[in-house]
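Reader: I would like a close look at one part: the strands and how they pair. Please go on to what lies around them, and keep it brisk.

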Amino acid sequence: MSTDTFRAIMARKSDAGQSVALEMIREADLPDGDVTLDVAYSSLNYKDGLALKGLGRILRTFPMVPGIDLAGTVRASSHPDFTPGDAVVLTGWGVGETWSGGFAERARVKGEWLVKLPPGLTARDAMVIGTAGFTAMLCVEALERHGLAPGAKVLVTGAAGGVGSVAVRLLSRLGYEVSALTGRPAEADYLRGLGATHIVERAAYAASGKPLQSETWAGAVDTVGGTVLANVLAATAYGGAVAACGLAGGSDLPTTVFPFILRNVALLGVDSVAYPTARRGAVWTRLADLLTAEDFAQMTREVGLEEVIALADPILKGEVRGRTLIAL
Ligand SMILES: NC(=O)c1ccc[n+]([C@@H]2O[C@H](COP(=O)([O-])OP(=O)(O)OC[C@H]3O[C@@H](n4cnc5c(N)ncnc54)[C@H](OP(=O)(O)O)[C@@H]3O)[C@@H](O)[C@H]2O)c1
C-alpha cells in the first residue's frame, strides 16, 4: 500500500464537538474497499454543508473525509468490473456520511457503488452535474413515469440552487414550460438563461395558504419542502404530480389530504442515495445526452479544496448559485 500523503478535508470528533480541517493524510487513513481512486473532482451539495457544520447527523463515523460525490480515475482495483485507468463517478451510498468521500485527492470505495462515465462525459462534467444534477434527473424521470409530457406547465422550487438549476435546464430542454420559484429575484436572468419562462417569487408560496388553490401546475420538482411544498401541492392541477427530493426550506409538510383525494395529485418521493446501481448508468447517459458544455459553464463555479469549508454556511443559507465544482 502506498505511504505517500495527499490532501483531504478531515472531520474529527472530540469532547469539544466536531471539527473540520484541510490535512495531509495517507491511504491507510481511508476505509477498506476494493477500488482506490484518484479523485479529479468533487462538488458541494446542500448535504455537504450540513456535514461540514456538524448538522443533521450527516456524519456518523469519525475521523472521516466528507464529500458525498466524486469523479476520477481508478488507481487500483480488486473488483472484477474495474481496472486502473477507468473513468468513474460515484454519488450516494452513504459516501461522505458513513464512509470517507470526495473531499480528498484519493478515495477508497466499494466497486459496486461506481458507475463508468458514459462516452462524452468528462469527470469534470460529471461533477458539475453531481448528486444535485443526478437527483434532478431522477425527479424529471419520476414526473415522466407519472405521465407528464413536454409542453406541460411545471414548477421548480429552490430554482437557483444546485438541484433546481439542473432541473430547470433539463425540463426546459425536454420541452416543458418551466417556471422557476426563487427567493433570489436577482437571479431571474440566470434562471431565464437556463430556460425558465416565468419567475415565481418565493414569497408567494412562503406563508401557509388555502388547502386547494388555483390549478396552476401539471407537475413540479420540489427541493424545498415545508410550507412551499404544501402550497405547490395545493396549486397542482387535477391528476398532476410533485417530485419531492429536498428540505432546504424545512423537513415538515404542513399539508392536508385535499390535493390527493379531491384532485388526484401524486406526491412522488425521490431518493438518489440508494438508487439501484443497475439503473444508474442509464441516468448518467441521459444526462450526458441532454446537457451541453454551455449548460455546464452557465451553472458552475469552480473552487479549490482549500475554499470548501468556508462555503458550508453560504450553501445552507441558500446563497450559492447553481453548482459548485471542487477541483482536486
Ligand atoms: N433526495 C435526494 O436524494 C437528494 C439529493 C440531492 C439533494 N437533495 C436535497 O435537495 C435540496 C437542494 O439541494 P442542493 O444541493 O440543490 O442545495 P442548494 O444548492 O443549496 O439549493 C437549495 C435552494 O433552495 C432554496 N432555499 C434555500 N433556503 C430556503 C428556505 N429557507 N426556504 C425556501 N427555499 C430555500 C434556494 O434557492 P432559491 O434562492 O432559488 O430560492 C437554494 O439555492 C436539499 O435539501 C438537499 O438535501 C436531496
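Author: Start with the term: two strands pair if DSSP finds at least two bridges between them. The model is a predicted one.

Take the hairpin. Strand β1 spans residues 5-14 and strand β2 spans residues 17-26. Ten bridges pair β1 with β2, in the antiparallel sense. Two residues separate these strands in the hairpin. To fix the register, use Ala 8: its bridge partner in β2 is Glu 23. In a regular strand, side chains alternate between the two faces of the sheet.

Now the open sheet. Six strands build it, in the order β10-β9-β8-β11-β12-β13. Their pairing is parallel. Where does this sheet end? β10 (198-201) and β13 (266-269) stand at the edges. Each has a single partner strand, so one side of each has no neighbour in the sheet. On average, neighbouring strands are turned by 20° against each other, direction ignored.

At one edge, four bridges join β10 to strand β9 (residues 177-182). This pair runs parallel. Ala 180 stands opposite Ile 199 of β10.

Helices lie across the sheet. α2 crosses β11 (217-222), β12 (236-244) and β13. Its direction is about 150° to β12. Helix α6 (residues 226-234) lies across β8 (153-156), β11, β12 and β13. α6 also runs at about 150° to β12.

α2 leads on to the ligand. The elements that give two or more residues to the ligand shell are α1 (46-52), α2 (123-146) and α3 (162-173). In total, 32 residues surround the ligand. The closest are Gly 158, Gly 161, Gly 246, Gly 249 and Gly 318. By type, the shell has 14 nonpolar, 14 polar and four charged residues.

Why does the ligand lie between two domains? Domain 1 (5-116 + 294-327) and domain 2 (130-269) both give residues to its shell, so that is where it lies. These bounds come from the domain assignment. The C-alpha centres of domain 1 and domain 2 are 28 Å apart. Their contact takes 14 residues from domain 1 and 15 residues from domain 2. On the domain 1 side of the contact, three residues are nonpolar, seven polar and four charged.

One last stop is helix α8 (residues 277-290), which holds Gly 281. Gly 281 has 14 C-beta neighbours inside 10 Å, so it counts as partly exposed. Gly 281 and Leu 114 are 167 residues apart in sequence. Their C-alpha atoms are 9.6 Å apart in space.

How values were computed:
Residues numbered from 1 in each chain as written. Predicted model: local features only at pLDDT ≥ 70, side-chain atom pairs only at ≥ 80, totals over all residues. Domains from an automatic or database assignment. Contact = placed C-beta atoms within 7 Å. Nonpolar A, V, L, I, M, F, W, Y, C, P; charged D, E, K, R; others polar. Near = placed C-beta within 6 Å. Buried ≥ 20, exposed ≤ 12 C-beta atoms within 10 Å, placed from the backbone. Axes fitted to C-alpha atoms, helices over the stretch in contact; angles between N-to-C directions.
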